[in-house]
Amino acid sequence: MHAITINEPGGPEVLSWTEQPDPRPGPGEVVLDVVAAGVNRADLLQRQGNYAPPPGVTEVPGLECSGRVAALGEGVNEFALGDEVCALLAGGGYATKVVVPAGQVMRLPSTVDVTTAGGLPEVAATVWSNVVMVAGLKTGETLLVHGGASGIGTHAIQVAKALGARVAVTAGSAERLARCASLGADVLINYREQDFVEVLGPTVDVVLDNMGAKYLPRNVDVLARLGRLVVIGMQGGVKGELNLGKLLARNGTVTATSLRFRPVTEKAEICHELVEKLWPLVDAGTVKPIIQDVLPMERAADAHRRLEEGDVFGKLLLTVS
């Protein structure tokens, strides 16, 4: 097989398209012929040397993919050779083949083609596990999504609206906010010009935050009583000041989660929920994958540059020719 490898920590230029040994499935595993892989900010962090894969996981980047079943390990009976599927990965998506636990392999929503599905597993699993399974967003509540124009943000807007919630988003331009509004966002906040605390006040039931330390005090400020702050990223640093007095006064909670390092059993549970509860919303057209562009896998470096430049709305995909 061929795969993107990281020669050394650094910029996009350290990514190389190289030949690698073909993976073989162990018990309970599936090998996929990759059709497409989504590009995520975690891939950029890994390339920079700041987000190593879990022990025993390939160094090849890529946290999600779509493809066709090429080989089945012992005990895997729910798939057949040639099935078109998508998968949540701990690594390895930037390749022509990848091995993955069967519980993280999902049949495609009926309305999504096999290429587009390459950008679905990571955002779907992140949003559903945090907004629904952890924070328990309910009809009539308010969700604040930081980075509303990102892959996770564009997906979270649609999921929250499907659940009957009010959605506020932050983004860095009027154009990006307008596109968030087209997906259903109700409150549009330009973080370059506005303070989201001044706009919202203490009215937010759930905050989905990718910034971490930089936004921590203000995220607590916008929580309503029984509000839930879920931190899924650290783009704004790892150490912040938490005012426990304000959190106590609101009976609020702060949770920080990582998807990549969860046990295989937890990931399988999340994937099962996606197929059972989210895929019907995708089939109905209520939630749609938002794909900005599709590039050949060999151009992974270009995809990383574009994501770093900040002009991507939704997801970028890498495809195997």
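Which residue follows helix 8, and what is the sign of its phi? Select Gly 285: this glycine comes after helix 8, and its phi is positive, near 85°. The model on screen is a predicted one.

**Helix 8**

Step back from Gly 285 and select residues 264-283, the 20 residues of helix 8. At 1.5 Å a residue, a helix of this many residues should span 28 Å, and the end C-alpha atoms are 26 Å apart, which agrees. Now pick Val 275, where helix 8 bends by about 40°.

Next, show the side chains of Lys 267, Ile 270, Cys 271, Glu 273, Leu 274, Leu 278, Trp 279 and Val 282, which are the buried residues of this helix. What do the buried residues of helix 8 pack against? Select strand 5 (84-88) and strand 7 (105-107), then helix 2 (121-134) and helix 3 (151-162); the buried residues pack against these four elements.

**The second largest pocket**

Select Val 57, Thr 58, Gly 91, Val 98 and Val 99 to find the second largest pocket. Its volume is about 420 Å³. The pocket has 26 lining residues, and the five just selected are the closest to its centre.

Then colour strand 6 (97-101), which supplies five residues, the largest share of this lining. Helix 8, already on screen, also gives at least two residues to the lining. Colouring the lining of this pocket by class shows 14 nonpolar, six polar and six charged residues.

**The cavity**

How many cavities of 30 Å³ or more does a search of the whole structure find? The search finds one. The largest cavity holds about 50 Å³ of space.

To see its walls, select Gly 119, Leu 120, Val 123, Gly 151, Thr 154, His 155, Lys 288, Pro 289, Ile 290 and Lys 315. Helix 3 gives the most to this lining, with three residues. By class, the lining of the cavity divides into four nonpolar, four polar and two charged residues.

**Gly 314**

The last stop is Gly 314, in the loop between helix 9 (300-309) and strand 15 (315-319). Is Gly 314 buried or exposed? Its relative accessibility is 6%, so Gly 314 counts as buried.

Draw a distance from Gly 314 to Gly 151: the two are 163 residues apart in sequence, yet 4.0 Å apart in space, C-alpha to C-alpha. Leaving aside neighbours within four places in sequence, the contacts of Gly 314 are Ala 149, Ser 150, Gly 151, Thr 154 and Ile 290. Gly 151, Thr 154 and Ile 290 also appear in the lining of the largest cavity.

Methods. Residues are numbered from 1 along each chain as its sequence is written. This is a predicted model: local features need pLDDT of at least 70, side-chain atom pairs count only at pLDDT 80 or more; totals for chains, interfaces and linings use all residues. Side-chain values use heavy atoms; hydrogens and water are left out. The expected span of a helix is 1.5 Å times one less than its number of residues. The bend at a residue is the angle between axes fitted to the seven residues ending there and the seven starting there. Buried means under 20% relative accessible area, exposed over 50%, partly exposed in between (1.4 Å probe, protein chains only). Contact means heavy atoms within 4.5 Å. On a 1 Å grid over the protein atoms alone, a cavity is a set of points where a 1.4 Å probe fits but cannot get out, and a pocket is an open set with protein on both sides within 12 Å along at least five of seven lines; lining residues have an atom within 4 Å of a point. Grid points are joined across faces, edges and corners, and a volume is the space filled by probe spheres set on the points. Ala, Val, Leu, Ile, Met, Phe, Trp, Tyr, Cys and Pro count as nonpolar, Asp, Glu, Lys and Arg as charged, and the others, Gly among them, as polar.
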